[in-house]
Amino acid sequence: YGKYARDTPGIELAYCWAHQRRDFLYAANQFPVLSQWTLDWVDRIGQLYAIHERRSALAAKSEVESDTFALVDHLLRQQLDGIYQHCQAQLKQPDLHPKAHDVLQSMMRHRQGLTTFIEHPKIDLDNNESELCLRPAVVGRKNYYGSGSQTSAKLAATMLSLFTTLDSWHINV
């Protein structure tokens with residue numbers, strides 16, 4: 001993805017905050033001593049989601065010129081700045097747990113892609129909707145006999161397309 005974004009004019013890479021949040025939760029599962037630290041970060045990310053949802057709703061109503069949108073946009077930018085200031089402050093702590101350091105470093109490394117939504121209010125913070133659309137193909141792939149052949153892949157794609165179309169039209173398969 002990075003190469004495509006670098007080589008294609010007009011394409012900006014947007015990373016997923018749900019994956020970033022998941023990194024914090026994995027850290028807590030691996031190292032229970034990080035549980036409280038993780039909950040603090042999950043709460044900060046949750047606040048970011050809440051403010052972004054309000055801003056997205058205003059953008060969807062074409063109210064980007066309104067005072068309300070400006071206020072919510074300002075709050076969102078403040079929240080995001082606060083997240084990254086807190087991240088940088090924690091990275092300077094000499095006694096920071098190595099796993100916590102890794103998670104925060106990852107967040108800093110992916111900062112540009114994690115902040116793409118700031119300038120594009122209609123972009124979601126995560127790609128959960130897209131992943132849910134792909135889930136049947138990914139889960140089923142392991143169960144389709146002969147999924148390594150082109151014929152089987154075409155059949156699977158045709159059937160998934162058919163089922164998805166029927167589902168979108170609320171027709172019982």
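## A tour from the cavity to the aromatic cluster

Helix 6 (111-114) and helix 7 (116-119) are a good first selection, as each gives at least two residues to the lining of the largest cavity. Keep in mind that you are looking at a predicted model.

**Stop 1: the cavity.** Now select the whole lining: A14, Y15, W17, G113, L114, T116, F117, I123, D124 and L125. Colour these residues by type and you will find seven nonpolar, two polar and one charged. The volume they surround is about 40 Å³. How many cavities of 30 Å³ or more are there? The count comes to one.

**Stop 2: confidence.** Switch to colouring by pLDDT. The mean for the protein chain is 89, with 95% of its residues at 70 or more. Which elements mark the lowest and highest mean pLDDT? Select helix 8 (residues 128-141) for the lowest, at 74, and helix 5 (residues 98-109) for the highest, at 97. A word of caution while you are here: where pLDDT is low, the predicted coordinates should not be read in detail.

**Stop 3: a serine in helix 3.** Next, go to helix 3 (residues 35-60) and pick out S56. Is S56 buried or exposed? Its relative accessible area is 18%, and the cut-off for buried is under 20%, so S56 counts as buried. Show P121 as well: the S56 side chain reaches the backbone oxygen of P121 at 3.1 Å.

**Stop 4: the aromatic rings.** Stay with helix 3 for the last selection, and add helix 2. The structure holds two aromatic pairs. Start with F24 and W37, a tilted pair with 5.3 Å from centre to centre and 50 degrees between the planes. This pair joins distant parts of the chain, F24 sitting in helix 2 (residues 17-30) and W37 in helix 3, 13 residues apart. F24 is buried because its relative accessibility is 0%, and W37 is buried too, with a relative accessible area of 15%.

Then swap W37 for W41. F24 and W41 form a stacked pair, 5.2 Å centre to centre with 10 degrees between the planes. Here again distant parts of the chain are linked: F24 belongs to helix 2 and W41 to helix 3, 17 residues apart. W41 has a relative accessible area of 0%, so this residue is buried.

To finish, display F24, W37 and W41 together: ring pairs link them into a cluster.

Terms used
Residues are numbered from 1 along each chain as its sequence is written. This is a predicted model: local features need pLDDT of at least 70, side-chain atom pairs count only at pLDDT 80 or more; totals for chains, interfaces and linings use all residues. Side-chain values use heavy atoms; hydrogens and water are left out. On a 1 Å grid over the protein atoms alone, a cavity is a set of points where a 1.4 Å probe fits but cannot get out, and a pocket is an open set with protein on both sides within 12 Å along at least five of seven lines; lining residues have an atom within 4 Å of a point. Grid points are joined across faces, edges and corners, and a volume is the space filled by probe spheres set on the points. Helices (H or I, at least four residues) and strands (E, at least two) are DSSP runs, numbered from the N terminus. Ala, Val, Leu, Ile, Met, Phe, Trp, Tyr, Cys and Pro count as nonpolar, Asp, Glu, Lys and Arg as charged, and the others, Gly among them, as polar. pLDDT is the predictor's confidence in each residue, from 0 to 100. Buried means under 20% relative accessible area, exposed over 50%, partly exposed in between (1.4 Å probe, protein chains only). A polar contact is a pair of N or O atoms within 3.5 Å; within protein, one must be able to donate a hydrogen and the other to accept it, and residues adjacent in sequence count only if both atoms are side-chain atoms. Rings of Phe, Tyr and Trp (its six-membered ring) pair if their centres lie within 6.5 Å; planes under 30 degrees apart count as stacked, over 60 as edge-to-face and the rest as tilted.
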